[in-house]
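Colleague: I would like to go through this structure with you, beginning with what it is built from and ending with single residues. Could you take my questions in turn?

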Amino acid sequence: MTGMGISDDTRFDTLGPTLTVTTEPAEPAGGDTVTATAVLTNDCPFPLRNAVLHLINPGATTAAKTIPLGDLRRGAKTTRRWETAMPADVAGNVSFTAHVVFDVDGRSSDCARSAKTVTVPYEPNGVRDPYRTFATTDDAEFGQYGSQLVIWAGGRDFSGGTDEKGGILLPGSAAESSVVQVKTVSLTGSDNPTAKYGIAVANDLTAPEKGGYAVLTMSKSFGLEFMTDSDGDGRLDTWAGGGGSTHPAWLRLVRDGTTYTAYSSVNNGLSWSEIASVNVPSASGVMDAGVVASAVNLNYPGTRVQAVFDHFTAEGP
């Protein structure tokens, strides 16, 4: 792997050591004991000084092992192994990572990083307290993997007279002043460009006709959709949004009494773009908040999507 040089000497910008990571078993599943192997070869035309190798487990933010390697001459090769257990509730893309940091000229540092990524399929495994599930389509299933929530659902649409979806909710989590947000990770399983997933609020998400209903979704290909129920009859009849779709993205719905303001972010929440601000007169008291998904399969009969969410929260501003 090529190092990312920061030296004044431009040769370090294009040259770097080779670092690889492999695992045994090659395709581990949740709960497996895994031996990961990092191989570092200094094929640079210069020695690596004060090299330190960091070995990082899936989902970790700090290294499981930090190994000082000292100076590595040209052509030197070193191998390090570490053993770990795959988290039992892991799914999606899971990476075993090695990261080496070293001095390149006695004054500045360079680094190289490599990862072995394993894709573990999501399977419906239900959700745990305090989450609850609800559905207006009979093929909906649900899963929870660490901070991730997963919905499998068909359904013809959200808006107008059709409201067919699967959802996971936190009852009574959206106070009169609150922020509901989630990372929409991926939407797969259908070629339908209008399939969608996102966040929803209502006085009672299992009975939207009780008022306060709104959804903020990312469609598979046609961008954002912010829909609200203007007259409290349980039907989404206002719309704002559009543009292109981004996966992953962050969605945020800010409630201030009966006013909802929708935002999105494509840079991991570093900055937010306002979509619209709408008054929903039927919003009342402490409300339900959750995540929802629909295949919007009116013109794609029988299709069902897999919607993956991460870091869903509903809390005060």
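Modeller: Before we begin, a definition that we shall need for the strands: two strands are said to pair if DSSP finds at least two bridges between them. Please keep in mind that this is a predicted model.

Colleague: With that definition in hand, which strand pairs with β15, in what sense, and over how many bridges does it do so on the side of residues 238-242?
Modeller: Residues 238-242 form strand β16, and the pairing between β15 and β16 is antiparallel. Within this pair, Leu224 has Gly242 of β16 opposite it. The number of bridges between β15 and β16 is five.

Colleague: And in the hairpin of β14 and β15, which residue takes a positive phi?
Modeller: Strand β14, residues 214-219, pairs with β15 in the antiparallel sense over five bridges, and Leu216 has Phe226 as its bridge partner in β15. Four residues lie between the two strands of this hairpin, and the residue with a positive phi, near 85°, is Gly223.

Colleague: Is β15 largely enclosed by the rest of the structure or left open, and why?
Modeller: A residue counts as buried when its relative accessible area is under 20%. On one side of β15, Leu224, Phe226 and Thr228 are buried, and on the other side Glu225 and Met227 are buried as well, so that both faces are covered. Because five of the five residues in 224-228 are buried, the strand β15 is largely enclosed.

Colleague: Stepping back to the protein, how many helices and strands are there, and what share of the residues is buried?
Modeller: The protein has zero helices and 21 strands, and its C-alpha trace spans about 75 × 40 × 35 Å along the principal axes. The accessible surface comes to about 14000 Å², with 48% of it belonging to carbon and sulfur atoms. Of the 317 residues, the buried share is 50%.

Colleague: Which strands are the edges of the open sheet that has seven strands?
Modeller: The order in this sheet is β9-β10-β21-β12-β17-β18-β19, with antiparallel pairing. Each edge strand pairs on one side only, and the edges are β9 (141-145) and β19 (273-279). From one strand to the next the twist averages 20°. At one end of the order, β18 (residues 259-265) pairs with β19 over six bridges in the antiparallel sense, and the residue in β19 that stands opposite Tyr260 is Val278, so to answer by name, the edges are β9 and β19.

Colleague: In the open sheet of four strands, over how many bridges do β6 and β7 pair?
Modeller: The order of this sheet is β4-β3-β6-β7, again with antiparallel pairing, and its edge strands are β4 and β7 (109-120). Strand β3 (residues 48-56) is joined to β4 (residues 65-72) over six bridges, and six bridges also join β3 to β6 (residues 92-103). In the pair of β6 and β7, Val94 has Val118 as its bridge partner, and the number of bridges is 12.

Colleague: Which residues are the partners of Leu53 in β4 and of Ile56 in β6?
Modeller: Both questions concern β3, which covers residues 48-56 and pairs with β4 in the antiparallel sense. Leu53 stands opposite Ile67 in β4, while the bridge partner of Ile56 in β6 is Thr97.

Colleague: Is Gln148 buried or exposed, and with which side chain does its own side chain make a polar contact?
Modeller: Gln148 lies in strand β10, residues 148-153. Its relative accessible area is 14%, which is below the 20% limit and therefore makes Gln148 buried. Not counting residues up to four places away in sequence, Gln148 touches Ala91, Tyr122, Gly143, Val185, Val308, Phe309 and Asp310. The polar contact of the Gln148 side chain, at 2.7 Å, is with the side chain of Tyr122.

Colleague: Where should I be careful, that is, over which residues does pLDDT stay under 50?
Modeller: The protein averages a pLDDT of 90, and 94% of the residues score at least 70. Where pLDDT is low, the predicted coordinates should not be read in detail. The model has 34 contacts beyond four places in sequence for the stretch where pLDDT stays under 50, which is residues 1-14.

Notes
Residues numbered from 1 in each chain as written. Predicted model: local features only at pLDDT ≥ 70, side-chain atom pairs only at ≥ 80, totals over all residues. Heavy atoms only, no water. Buried < 20%, exposed > 50% of the residue type's maximum accessible area, 1.4 Å probe, protein only. Polar contact = N/O pair within 3.5 Å; in protein donor to acceptor, adjacent residues only side chain to side chain. Contact = heavy atoms within 4.5 Å. Axes fitted to C-alpha atoms, helices over the stretch in contact; angles between N-to-C directions. Areas by Shrake-Rupley, 256 points an atom, 1.4 Å probe, with all protein chains shown as cover. pLDDT = per-residue confidence, 0-100.
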